Amino acid sequence: MTTGGKKPLKMGIIGVGVGATQIMPNMEAMDEIDLMAGADTNPRVREAFKARYPDAKVFDSAEALCADPDVEAVWVATPNNFHSPHTIMVANSGKHVVSEKPMALSMKEAEAMVEAADRNGVKLLCGHTLGFSPPVMQMRRIIRSGELGPLKTLNNWAFTDWMLQARQPEELDETVGGGVLYRQGPHQLDSLRLLGGGMVRTIRGTTGKWWPERPGVGYYSAFLEFENGVTANVTNNGYGYSMTADLVPWSDEQGRGLIEGYTHEDRVNIREELKAGDRDEMAAKDALRIGSDHERRMWRETPKEAPPWRPANLGILVATCERGDIRQSKYGLYVYKDGGVEDRALEVTRYQAGREDLMELYNAIRNDAPVYHDGAWGMATLELITGIMESSTTGKDVVLTHQVPISDEYDA
Ligand SMILES: NC(=O)c1ccc[n+]([C@@H]2O[C@H](COP(=O)([O-])OP(=O)(O)OC[C@H]3O[C@@H](n4cnc5c(N)ncnc54)[C@H](O)[C@@H]3O)[C@@H](O)[C@H]2O)c1
């Protein structure tokens with residue numbers, strides 16, 4: 001028991017879909033968490049959840065899970081348009097809550113979530129972004145150490161096959177939070193805010209919807225200026241032709257990088273299927289949820305050695321300081337400085353999705369520690385997403401008004 005005698009957090013999940021399958025194995029492995037309930041509207045998913053967790057309670061609605069007095073905290077992993085209503089429902093039932101990324105669809109929705117958490121005296125954490133991943137956390141520590149002088153600029157490039165992966169219709173409709181900007185923007189924008197200190201002054205962005213057979217935003221690019229003078233360039237292309245994975249020498253030659261592990265040949269076939277309109281997308285998506293083949297991959301035995309880093313959703317991230325650069329290496333970070341380049345090992349070698357988020361929540365509830373990725377932090381990241389949407393339409397810079405700094409104590 002690593003919890004110092006404190007009781008594990010009794011947790012539930014609302015929406016036991018693909019995103020949740022990334023969190024559940026890590027919840028299982030944590031002494032701090034007792035995953036004791038799940039709610040989903042899909043009966044097959046409920047059955048599979050019960051089979052995996054025979055002692056857990058299973059509910060067919062978010063309302064029913066919220067009504068259970070034993071559940072202390074809830075991970076909301078339903079589709080993006082439900083994040084705000086479900087988070088508010090959880091908060092109103094007196095339970096602490098983690099909202100999946102993106103926090104919400106609009107600033108108005110996000111404000112209502114913060115208000116509900118405050119009114120009910122519960123913790124709200126905006127989770128599951130790659131800002132919690134070891135390379136980003138360690139990059140931040142090196143920047144803050146001053147070893148390379150002050151941070152000047154950040155460049156972040158992700159070329160993925162997000163648009164080729166199996167998608168439900170809502171995942172490709174930006175009016176309900178679909179497309180790469182709402183779905184993948186939080187990973188990149190949260191990481192950039194964490195490294196740059198949090199306070200972005202302006203953003204200028206553009207979005208692209210390029211395939212008639214695949215509606216939805218498949219591309220975005222933006223330029224950010226922080227109040228402290230740091231700038232950032234960020235690009236995300238989900239159309240799956242060239243992959244950032246191709247630029248990393250230790251990646252698979254086929255550019256595999258994301259959860260399905262498509263090869264370039266697979267991508268050729270998927271593009272054909274999409275054009276012909278004969279892909280069984282719902283079945284392909286369901287095959288990624290609990291109780292499917294993918295379950296075996298998600299819960300597979302942890303390999304003895306940490307796998308090499310791959311660009312995947314965040315992409316390649318270079319932090320440029322006055323006297324050097326930092327970027328991801330195979331197992332750590334390349335630190336380029338006047339004296340040469342060093343491949344520095346990571347202090348935490350393995351990214352376990354959700355683990356850091358859950359520890360932050362656990363420590364806040366059991367040990368009275370602060371929540372750093374709170375509602376205000378999540379709103380500030382969401383403001384960059386809505387800012388890119390607005391700027392893409394108006395062609396103008398958007399001045400941001402809801403930015404918050406990350407506390408100096410965050411990783412002190
Ligand atoms: N797909 C991924 O790899 C991934 C990774 C990380 C995070 N996420 C996040 O997870 C969330 C869901 O995406 P997904 O890909 O897992 O989709 P999904 O469709 O696989 O999962 C959503 C689940 O919620 C259930 N659901 C829908 N409406 C519900 C309701 N009203 N009440 C209870 N359950 C309901 C669905 O039946 C489904 O099982 C999104 O916010 C996404 O950003 C997804």
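This passage describes the domains, the sheet, some local backbone features and the ligand shell of a predicted model.

The domain assignment of the protein gives two parts, each built from two segments. Domain 1 covers residues 9-130 and 352-375. Domain 2 covers residues 134-348 and 386-399. Taken over C-alpha atoms, the centres of domain 1 and domain 2 are separated by 24 Å. Domain 1 gives 23 residues to the contact, and domain 2 gives 21 residues. On the domain 1 side, helices α1 and α2 each supply at least two residues. Helix α2 (43-52) has the largest share of that side, with 7 residues. By class, the domain 1 side holds 12 nonpolar, 7 polar and 4 charged residues.

An open sheet is formed by 9 strands. Their order is β14-β13-β12-β11-β7-β10-β9-β8-β15, and the pairing is mixed. Strands β14 (340-345) and β15 (398-399) are the edges, and each pairs on one side only. Strand β7 (residues 151-159) runs parallel to strand β10 (residues 231-237), and 7 bridges join them. One pair of bridge partners is W157 with T235 in β10.

Antiparallel pairing appears further along the order. Strands β11 and β12 run antiparallel and are joined by 4 bridges. V318 has R327 in β12 as its bridge partner. A hairpin of 2 residues links β11 to β12. Strand β12 (residues 324-328) is also antiparallel to strand β13 (residues 332-337), here with 5 bridges. I326 stands opposite V335 in β13. These two strands, β12 and β13, form a hairpin as well, with 3 residues between them.

Two helices that lie across strands of the sheet are described next. Helix α7 (residues 179-196) lies across β7, β8, β9, β10 and β11. Its direction makes an angle of about 160° with β7. Helix α12 (residues 375-394) lies across β8, β9 and β15. The angle of α12 to β8 is about 60°.

Helix α8 (residues 264-276) allows a check of length. At 1.5 Å a residue, its 13 residues should span 18 Å, and its end C-alpha atoms are 19 Å apart, which agrees. G277 follows just after α8 and takes a positive phi of about 70°.

Two loops carry further backbone features. The peptide bond from K101 to P102 is cis, with omega near -15°. P102 sits in the loop between β5 (96-99) and α5 (107-120). A312 has a positive phi, near 40°, although A312 is a residue other than glycine. The loop that holds A312 runs between α10 (293-298) and β11.

The ligand is surrounded by 26 residues. The closest are G15, G17, V18, G19 and N42. By class, the shell has 10 nonpolar, 11 polar and 5 charged residues. Helix α1 (residues 18-29) gives the largest share of the shell, 3 residues. Helix α1 also supplies at least two residues of the side of domain 1 that touches domain 2. The shell draws on both domains, with at least three residues from each of domain 1 and domain 2.

Methods
Residues are numbered from 1 along each chain as its sequence is written. This is a predicted model: local features need pLDDT of at least 70, side-chain atom pairs count only at pLDDT 80 or more; totals for chains, interfaces and linings use all residues. A residue is near a molecule or strand if its C-beta atom, placed from the backbone, lies within 6 Å of it. Ala, Val, Leu, Ile, Met, Phe, Trp, Tyr, Cys and Pro count as nonpolar, Asp, Glu, Lys and Arg as charged, and the others, Gly among them, as polar. Domain bounds come from an automatic or database domain assignment. Two strands pair if DSSP finds at least two bridges between them. Two residues are in contact if their C-beta atoms, placed from the backbone, lie within 7 Å. Axes are lines fitted to C-alpha atoms, for helices over the stretch in contact, and angles run from 0 to 180 degrees between N-to-C directions. The expected span of a helix is 1.5 Å times one less than its number of residues.
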